[in-house]
Amino acid sequence: MRATVMYAAGDVRVENVPDASLVEPTDALVRVTHACICGSDLWPYKTMERSDAGRHMGHEAIGMVEDVGADVRTLEPGDLVVMPFAFSDGTCVFCHEGLQTSCVHGSFFGTEDVAGAQADAVRVPQADGTLVVLPVDEDDALMPSLLTLSDVMGTGHHAAVAAHVGPGKTAAVVGDGAVGLCGVIAAKRLGAEQIIILGRHPDRIALAREFGATDVVSERGEEAIERVRDLTDGFGVHSVLECVGLEQSELTAIEIARPGGAVGRVGVPQDETMPASQPAFYNNVSVSGGPAPVRAYIEERPPDILGGKIEPGRVLDRVIGLDEAPDGYRAMNGREAIKVMIEP
Ligand SMILES: [Zn+2]
């Protein structure tokens, strides 16, 4: 089968690799019908040191179950399923608490633990706890939106939950990538009255406005902080969704939170330390967030998506075949595409 392998920064290849197969009795084998390239795949694309073995990329997918291990109870061949970016058993203490990304038997796709989904097929560990059957056909027009349940929609929602977005509150979204745009959808869905997007790409800003952003701040650094305060009676916002993970964006997120506000961060932090400790302290700003337990959110979102109430699939603005994956990385890295969908 074909798989997308990254060997070094800027070096992504589609190669023939041994077929994915069942290993554990709790595994499912899934033929990938839809996958995508994630903003977080761009970090190694910019920085990865050369590796002879390479890294099998991809952690977002919809696919068809082809085979299941002897202990799998809830799935059978022919089921169309969505795969969260982390696998989880669904039975441990953290899964019961809705924090499947901390599952004691879990881990992430596209890592040393399990190969990635930008491929013809993927082995899914802990299949009963991980996969969710979709009530549609694989050629359904809603497929892009359902695919965002793998990561970006659930991650944007997690940022909004961690930032305590609620009815009548003010919110700001730092970052206009796919997660930030889904964060706008989530903030609106949870009732935010004012939603300020911090971003500077015209196509993304336009989509953010359609998703419900009420104000746009395209400045950076100190100027961005001033602009957000100007838009909020000088106080800052109740809820900040940090969807980037760089020092500057984290600093901005804390500085634009009003006293008593909250920052929900889902951008993978690129530094060990978190900036703005003192402003966060003196303003009683709470900072939380982390890898989104998208598995917990998948079952909540489909009614909104199936009913056409939200359309997060609009962030997938380019569709390619698996062989074109290297071009997909280039397009996303060059900001020519917001997010690329792969149809193997
Ligand atoms: Zn678990």
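Reader: How many cavities of 30 Å³ or more does a search of the whole structure find?

Author: The model is a predicted one. A search of the whole structure for cavities of 30 Å³ or more gives a count of one.

Reader: What volume does the largest cavity have?

Author: The search used a threshold of 30 Å³ and found one cavity. The volume of the largest cavity is about 40 Å³.

Reader: How many nonpolar, polar and charged residues are in the lining of the largest cavity?

Author: The lining includes Pro84, Phe85 and Ala86, and also Ala292, Pro293 and Val294. Ser88, Gln100, Thr101 and Arg295 are in the lining as well. By class, the lining has six nonpolar, three polar and one charged residues.

Reader: Which residues coordinate the zinc ion?

Author: The donor residues follow the spacing D-x2-C-x2-C-x7-C in sequence. Their donor atoms lie at 2.1 to 2.3 Å from the zinc ion. The residues are Asp89 (OD), Cys92 (SG), Cys95 (SG) and Cys103 (SG).

Reader: What is the geometry of the site of the zinc ion?

Author: Four donors count as tetrahedral if all angles lie between 85 and 135 degrees. Here the angles among the four donor atoms are 93 to 125°. The site of the zinc ion is therefore tetrahedral.

Reader: How many residues apart in sequence are the parts that aspartate 89 and cysteine 103 tie together?

Author: Aspartate 89 is in the loop between strand E7 (86-87) and helix H2 (93-96). Cysteine 103 is in the loop between H2 and strand E8 (107-108), so the pair ties together parts whose separation in sequence is 14 residues.

Reader: Is cysteine 103 buried or exposed?

Author: Buried means under 20% relative accessible area. Aspartate 89, with 11%, is buried. Cysteine 103 has a relative accessible area of 7%, so cysteine 103 is buried.

Reader: What kind of aromatic pair do phenylalanine 87 and phenylalanine 109 form?

Author: The whole structure has four aromatic pairs. In the pair of phenylalanine 87 and phenylalanine 109, the rings are 5.7 Å apart centre to centre, with 70° between the planes. Planes over 60 degrees apart count as edge-to-face, so the pair is edge-to-face.

Reader: Where is phenylalanine 109?

Author: Both phenylalanine 87 and phenylalanine 109 are buried. The pair links distant parts of the chain, 22 residues apart, with phenylalanine 87 in strand E7. Phenylalanine 109 is in the loop between E8 and strand E9 (121-124).

Reader: How far apart in space are arginine 2 and aspartate 120?

Author: Arginine 2 is in strand E1 (residues 2-8), and arginine 2 is partly exposed at 22% relative accessible area. In sequence, arginine 2 and aspartate 120 are 118 residues apart. In space, C-alpha to C-alpha, the distance is 5.7 Å.

Methods: Residues numbered from 1 in each chain as written. Predicted model: local features only at pLDDT ≥ 70, side-chain atom pairs only at ≥ 80, totals over all residues. Heavy atoms only, no water. Donors = N, O, S within 2.8 Å, 3.2 Å for Na, K, Ca; no water. Tetrahedral: all angles 85-135°; square planar, octahedral: opposite > 155°, others 65-115°. Helix = DSSP H or I, 4+ residues; strand = E, 2+ residues; numbered from the N terminus. Buried < 20%, exposed > 50% of the residue type's maximum accessible area, 1.4 Å probe, protein only. 1 Å grid on protein atoms, 1.4 Å probe; cavity = no way out; pocket = protein on both sides within 12 Å on 5 of 7 lines; lining within 4 Å. Points joined across faces, edges and corners; volume = space filled by probe spheres on them. Nonpolar A, V, L, I, M, F, W, Y, C, P; charged D, E, K, R; others polar. Phe/Tyr/Trp six-rings, centres within 6.5 Å; stacked < 30°, edge-to-face > 60°.
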